[in-house]
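Here's a quick tour of the model you have on screen. Let's start with a sheet and then look at where two chains meet.

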Amino acid sequence: MTTWTRRHIISLADFVPDEYNTVLQTAASFREVLSRRVKKVPTLQGIVVATLFFEPSTRTRNSFELAAKRLSADTLSFTPGTSALTKGETILDTALTYLAMGTNIMVIRHREAGVPLAIANEMDRLESQVSVLNAGDGQHEHPSQALLDLFTICSLLDPDLPRLELLKDKKIAIVGDILHSRVARSNIWSLTASGAEVHLAGPPTLLPKLFASWGMAHQASPVPPTSPEEENSPLPITHYPLPITQPKLFLHWDIEPALQNADFVMTLRLQKERMTQHLLPSLREYHQRYGITRDRLKLCQSDVKVLHPGPVNRGVEISSDLMDDPQFSLISQQVTSGVAVRMALLYLIGGGKA
Amino acid sequence: MTTWTRRHIISLADFVPDEYNTVLQTAASFREVLSRRVKKVPTLQGIVVATLFFEPSTRTRNSFELAAKRLSADTLSFTPGTSALTKGETILDTALTYLAMGTNIMVIRHREAGVPLAIANEMDRLESQVSVLNAGDGQHEHPSQALLDLFTICSLLDPDLPRLELLKDKKIAIVGDILHSRVARSNIWSLTASGAEVHLAGPPTLLPKLFASWGMAHQASPVPPTSPEEENSPLPITHYPLPITQPKLFLHWDIEPALQNADFVMTLRLQKERMTQHLLPSLREYHQRYGITRDRLKLCQSDVKVLHPGPVNRGVEISSDLMDDPQFSLISQQVTSGVAVRMALLYLIGGGKA
Amino acid sequence: MTTWTRRHIISLADFVPDEYNTVLQTAASFREVLSRRVKKVPTLQGIVVATLFFEPSTRTRNSFELAAKRLSADTLSFTPGTSALTKGETILDTALTYLAMGTNIMVIRHREAGVPLAIANEMDRLESQVSVLNAGDGQHEHPSQALLDLFTICSLLDPDLPRLELLKDKKIAIVGDILHSRVARSNIWSLTASGAEVHLAGPPTLLPKLFASWGMAHQASPVPPTSPEEENSPLPITHYPLPITQPKLFLHWDIEPALQNADFVMTLRLQKERMTQHLLPSLREYHQRYGITRDRLKLCQSDVKVLHPGPVNRGVEISSDLMDDPQFSLISQQVTSGVAVRMALLYLIGGGKA
């Protein structure tokens with residue numbers, strides 16, 4: 001196991017295999033703690049973890065808070081609405097206030113891509129020891145979600161020693177609104193790093209333009225990153241690149257070739273506003289073309305498992321009965337993994353702070 | 001004292017005397033803890049208590065949270081508004097998420113009757129060890145409120161050994177909007193179980209239709225539970241029965257016979273929307289006919305005490321000066337009892353979980 | 001060091017030097033705790049600190065909560081909106097509920113002056129042992145802010161032994177909306193008590209009428225406190241007096257004489273609603289006449305420092321680059337001092353409670 005040197009966790013784009021494996025193995029040891037009678041360890045006693053959720057999400061915030069409490073850290077919670085932001089304070093000023101109060105780790109969610117990185121840069125510029133953990137920024141990344149997905153899958157393959165190599169040559173389909181999904185973006189980095197075959201499938205309007213320009217090409221290949229249409233993309237590829245030269249990344253407009261012999265199927269949450277943006281015809285038609293059903297799963301490996309980052313629109317991304325079927329669904333395990341993985345992340349970036 | 005076997009606390013309809021007495025005596029021992037210098041016990045260390053308040057109530061939530069913290073449990077708090085519910089997740093999915101995070105006890109409030117039971121059934125179906133505590137569901141029940149009322153009264157009668165039998169043959173009046181009150185409904189179960197004489201008084205429009213059909217009858221007697229008008233009641237008696245065959249349950253349209261020689265008077269919170277629903281003429285007229293005043297209390301026993309679940313509409317259910325008079329008002333003791341009783345309930349249902 | 005006897009902290013109007021020095025020295029010792037590896041002390045274990053913020057403020061509430069947690073207290077948090085207040089409960093009833101739950105210290109913020117005092121009086125009348133700490137009431141006072149300002153300044157002058165006497169004969173300018181500022185009001189008490197020269201500067205419309213009636217007088221002198229125009233002031237001087245007979249309190253309509261040779265400049269937050277109330281021409285003009293800039297600071301001592309209670313309207317009260325310049329700005333230290341000073345206050349008023 002490598003020694004952990006990363007202070008912030010903003011993106012998985014430059015994660016190396018040793019880092020993935022350290023997270024997986026640390027999470028496995030915390031999962032063991034969570035099975036004990038007393039589920040707390042004093043590791044982060046005196047450490048302050050502040051959840052700055054400019055975009056509210058009770059379940060993700062609670063997952064981080066529970067992880068922090070299990071490590072005996074103190075938590076502070078900031079959500080807008082009852083906040084100084086309505087009084088004109090900038091986001092950076094809010095972060096500086098929590099820094100000055102004595103925060104050691106900031107867990108940040110914001111609807112704009114780049115906010116956690118900007119705050120991390122400011123923390124470094126000030127030579128503070130604060131760590132920043134991106135809990136979802138716009139359509140950029142959501143690294144803790146991708147890491148808990150990875151931990152969920154690898155733990156299924158080897159509960160005792162979850163590790164990146166287990167995914168080598170597995171076929172993993174990611175289905176849905178790839179374009180707007182920070183979860184997909186982070187997962188593409190981790191899964192391609194593992195050596196898995198990653199198959200993206202979704203309506204052309206919900207695939208990154210860069211990919212769409214390939215037409216029906218199933219095999220990814222490099223394209224000029226400065227293509228003019230990319231400039232108008234909500235998240236220009238030039239700022240947040242994807243591993244498009246990765247030989248094992250595939251693209252599909254239909255779901256069937258993506259599911260064919262798949263070992264794992266990751267579904268993505270569909271935002272209902274995509275319809276009012278005319279990117280989608282209807283939820284019903286979406287379900288007909290891209291929804292995961294028992295019938296469609298017959299295309300996959302017989303022991304295929306389905307993931308979803310939650311919350312699920314039942315009957316849209318996935319049929320309702322399938323979601324509750326423990327033979328196929330890993331949704332509940334993902335939530336459980338979330339606490340262990342977030343304990344691991346807080347521990348790794350916060351361990352040396354007290 | 002009996003051994004506690006009940007996993008969930010949803011309703012008092014099937015509580016047996018041993019269970020009431022176990023709650024009362026456990027609460028008495030925690031009241032002793034609360035009088036110590038350090039008011040914490042490590043009993044529920046590592047246990048996660050999640051308050052899922054789909055219908056917000058800061059004071060009740062804080063009471064449960066303080067009870068949980070006194071027992072060294074970790075708390076998670078879910079309130080809608082900043083939540084995934086606005087994103088289309090079902091209530092059951094929310095509960096499943098908190099189950100998967102590692103919650104041991106769910107304290108649930110919802111404006112619809114039956115939600116806590118539905119969640120408890122799902123937790124059992126999944127063979128989870130999770131306990132569900134109903135913190136108020138629609139117009140159904142609010143068992144912890146009735147138990148803290150019971151503890152408050154019994155502690156007054158015998159501080160050292162509060163027990164159900166102390167209420168035998170006491171006369172207790174419940175005054176106000178019986179129809180819509182989950183507090184009344186739970187109290188009717190506990191008080192009739194104690195052997196007390198229970199007298200309900202309120203405007204005919206605010207009494208359960210089942211009772212109203214008795215006209216001015218003061219003595220309860222069984223009526224066909226399938227009467228057609230019951231079908232339209234907001235909470236059909238067929239689903240949530242009341243102990244109408246209980247020989248000591250009485251009904252009044254006027255307040256005076258209910259108060260005559262009463263030992264305790266329980267007032268209920270009046271929702272102001274009852275007026276816009278034309279169930280009430282005006283708050284002023286309500287106070288004139290059913291408000292508790294010093295004059296009216298002269299009808300009662302000289303040492304009569306008044307209870308109210310809070311928050312009080314001063315000058316409506318009860319005159320403002322009476323509410324603050326410690327000679328008559330138990331309102332403050334009820335809040336104090338709330339913490340001890342909720343510690344007892346969390347302890348009893350959560351004791352074996354860690 | 002004197003023995004602390006004050007139960008409530010509502011106002012600094014009657015604070016004596018011994019009390020200021022006790023707060024400063026206690027805060028210094030807690031600052032030392034905050035520099036340790038484990039930043040917690042068990043001092044207030046079992047004590048319940050309730051933050052009752054009828055006027056929401058996440059950052060101030062978090063500062064108090066963190067202070068309470070560092071002292072091992074349990075915290076309860078009340079904010080309106082999801083609260084019984086919307087159901088008609090009075091403020092005093094809310095406080096009585098938290099008293100009955102077992103709260104030991106109430107930290108209260110309200111947009112009306114006098115609310116914390118009214119609650120403190122009620123707590124005393126009931127012979128409870130509860131302490132009340134005013135966390136900002138209307139345009140009256142914000143004592144913990146003034147005490148953390150004092151601690152920040154005195155710690156700069158002597159980190160080891162911050163004490164009131166260090167400010168003797170220092171020149172301190174308070175610039176901005178003095179009239180509506182509870183921060184200014186509390187600071188005027190503490191700074192005049194220290195023997196500093198205090199210079200107030202702001203637009204005539206934003207100075208207390210009592211002061212404005214002096215016209216351009218630079219030297220404060222007593223005026224009849226019953227002047228009729230005072231009666232219409234939002235906070236009549238007869239209720240909340242200022243130390244107007246203090247020989248070292250000066251008044252200016254222009255900023256330059258206030259800054260001349262100043263050692264410290266305290267800027268105040270400008271509420272944008274002052275413009276719609278026609279008390280201000282525009283933010284731009286305000287900045288031109290009263291904003292703190294590098295140029296203006298040249299009037300001051302060369303080692304002048306600038307304070308602001310936050311959140312700052314960048315480019316209005318203070319130029320944006322100056323705010324971030326550690327050579328001049330103490331804003332970040334103020335936030336850090338806040339936790340230590342609030343630990344000191346909770347400790348001093350709560351120490352004997354458990």
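## A sheet in chain C

This is a predicted model, and a good place to begin is one bridge pair: Val49(C) is partnered with Thr75(C), which sits in strand 2 of chain C. That pair belongs to a wider match-up, as strand 1 (residues 48-53) of chain C and strand 2 of chain C run parallel and are joined by five bridges.

Zoom out and you get an open sheet of four strands in chain C, in the order 2-1-3-4, with parallel pairing. Which strands are at the edges? Those are strand 2 (74-78) and strand 4 (131-137) of chain C, each pairing on one side only. On average, neighbouring strands in this sheet are turned by 15° against each other, direction ignored.

## A helix across the strands

Helix 14 (residues 331-350) of chain C lies across strand 1, strand 3 (105-110) and strand 4 of chain C. Against strand 4 of chain C, helix 14 of chain C runs at about 145°.

## Where chains A and B meet

Now over to the contact between chains: 22 residues of chain A are in contact with 20 residues of chain B. On the chain A side, helix 2 (58-70) and helix 14 (331-350) of chain A each supply at least two residues. Which helix of chain A gives the most to this side? Helix 2 of chain A does, with six residues.

As for the chemistry, the side of chain A that touches chain B breaks down into eight nonpolar, eight polar and six charged residues.

Technical notes: Residues are numbered from 1 along each chain as its sequence is written. Chains are lettered from A and ligands numbered from 1 in the order in which they are written. This is a predicted model: local features need pLDDT of at least 70, side-chain atom pairs count only at pLDDT 80 or more; totals for chains, interfaces and linings use all residues. Two residues are in contact if their C-beta atoms, placed from the backbone, lie within 7 Å. Ala, Val, Leu, Ile, Met, Phe, Trp, Tyr, Cys and Pro count as nonpolar, Asp, Glu, Lys and Arg as charged, and the others, Gly among them, as polar. Two strands pair if DSSP finds at least two bridges between them. Axes are lines fitted to C-alpha atoms, for helices over the stretch in contact, and angles run from 0 to 180 degrees between N-to-C directions.
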